[in-house]
Structure formats: C-alpha cells, structure tokens
Amino acid sequence: MAQGRDATSAFAWPLRLRLTLALVVNGLLLLACLGAALVVIATSHHTREQYARLQQLEREQQQLQTEWGQLLLEESAWSSPSRIERLASERLEMRLPDIGEVEVIRQ
C-alpha cells in the first residue's frame with residue numbers, strides 16, 4: 001500500500017504543475033482579452049467624439065461660407081461704380097470735367 005501512495009503522489013506533482021501552468025496561461029489570456037476589449041471601447045468612444053467634433057466644424061464652415069458670400073454681395077453693392085459716382089457728386093460735389101478743362105501731360 002505504501003507503494004500505491006508513492007505511485008499516485010509521483011503522478012500528482014506533474015499534474016498539479018500542469019494545472020497551475022494552465023491556470024496561469026488562462027488567466028493571462030483572460031487579462032489580454034479584457035485589455036483588448038477595453039482598448040476597443042476606448043477607441044470607439046474616441047472615434048465617436050471626433051466624428052461629433054467633425055460634424056460641428058463642418059456646420060461652422062458652412063455658416064462661415066454663407067456669411068462670406070453675404071459679405072461679398074454687400075461689398076459689391078457698396079463699391080458699385082454708380083453708387084460711388086452718386087456719392088461723389090452729392091457729398092463731395094465732384095463732377096466730370098468738360099473737354100476744355102482736360103489737359104494731357106506728356107513727358
């Protein structure tokens with residue numbers, strides 16, 4: 001009977017080592033999977049935040065583009081030749097010179 005115990009204890013030691021090694025490997029794999037899952041979650045969250053920011057910036061760009069177009073129209077209205085001529089004659093009392101008043105200077 002003593003030899004029976006020795007035989008089972010001789011096989012028990014490598015079996016315990018294998019179980020312990022398997023548990024460590026499984027634990028490491030579980031930690032790796034959890035780490036990868038957390039990285040995926042963080043990346044997805046970051047991507048959603050960046051996409052929302054992109055949409056906000058695109059809306060702002062569209063508003064600025066509209067405002068720029070309106071400012072160009074306003075500038076063209078303020079700088080039209082007919083308006084400038086009218087203001088020159090009304091406010092500054094300017095007029096076109098007669099033909100006799102024009103002098104040509106040549107060098």
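Helices here are DSSP runs of H or I with at least four residues, numbered from the N terminus. By that rule, R83 belongs to helix α2, and this residue is a good one to keep an eye on as you turn the structure. Please bear in mind that the model is predicted.

**Overall picture**

The protein has two helices and zero strands. Helix α1 covers residues 2–78, and α2 covers 81–90. Of the 107 residues, 4% count as buried. The protein exposes about 10,600 Å², and carbon and sulfur atoms supply 63% of that area.

**A nonpolar patch**

Five residues, V24, L28, L30, L31 and L34, form a nonpolar patch on the surface. Together they have about 500 Å² of accessible area. To place one of them, L34 sits in helix α1. L34 counts as partly exposed because its relative accessibility is 48%, and the partly exposed class lies between the cut-offs of 20% and 50%.

**The two sides of α2**

Now for the second helix. R83, L87 and A88 are buried in α2. Seen down the helix axis, the buried residues of α2 fall within an arc of 130 degrees, so they line one face of the helix. An α-helix has 3.6 residues a turn, so residues three or four places apart point the same way. On the other side of α2 you will find P81, S82 and E85, which are exposed.

**R83 and its surroundings**

What is the nearest side chain of opposite charge to the buried R83? It is E90, 9.1 Å away, and R83 has no salt bridge. A salt bridge needs a side-chain nitrogen of Lys or Arg within 4 Å of a carboxyl oxygen of Asp or Glu, so a separation of 9.1 Å does not qualify. The side chain of R83 does, however, reach the backbone oxygen of W78 at 3.1 Å.

**Salt bridges**

How many salt bridges does a search of the whole structure find? The search finds two, and they are set out here with the accessibility of each partner.

| Salt bridge | N to O distance | Glu, relative accessibility | Arg, relative accessibility |
|---|---|---|---|
| E90 and R86 | 3.7 Å | E90, 51% | R86, 41% |
| E101 and R95 | 3.2 Å | E101, 44% | R95, 59% |

E90 and R86 both lie in helix α2, four residues apart, or about one turn of the helix. E90 is therefore a residue to look at twice: its side chain meets R86 in a salt bridge, and E90 is also the nearest side chain of opposite charge to R83. In terms of cover, E90 is exposed because its relative accessible area is 51%, whereas R86 counts as partly exposed at 41%.

In the other pair, the side chains of E101 and R95 meet at 3.2 Å. E101 counts as partly exposed at 44% relative accessibility, while R95 is exposed with a relative accessible area of 59%.

**A backbone detail after α2**

One last stop is E93, in the segment after α2. Phi of E93 is near 55 degrees, a positive value in a residue other than glycine. With a relative accessibility of 71%, E93 counts as exposed.

Note on methods
Residues are numbered from 1 along each chain as its sequence is written. This is a predicted model: local features need pLDDT of at least 70, side-chain atom pairs count only at pLDDT 80 or more; totals for chains, interfaces and linings use all residues. Side-chain values use heavy atoms; hydrogens and water are left out. Buried means under 20% relative accessible area, exposed over 50%, partly exposed in between (1.4 Å probe, protein chains only). Accessible areas come from the Shrake-Rupley method with a 1.4 Å probe; for residues, only the protein chains shown count as cover. Patches are made of residues with over 30% relative accessible area and no salt bridge: like charges are joined within 9 Å, nonpolar side chains (Val, Leu, Ile, Met, Phe, Trp, Tyr) within 5 Å. The arc is that of the directions from the helix axis to the C-beta atoms. Lys and Arg count as positive and Asp and Glu as negative; His and the chain ends are not counted. A polar contact is a pair of N or O atoms within 3.5 Å; within protein, one must be able to donate a hydrogen and the other to accept it, and residues adjacent in sequence count only if both atoms are side-chain atoms.
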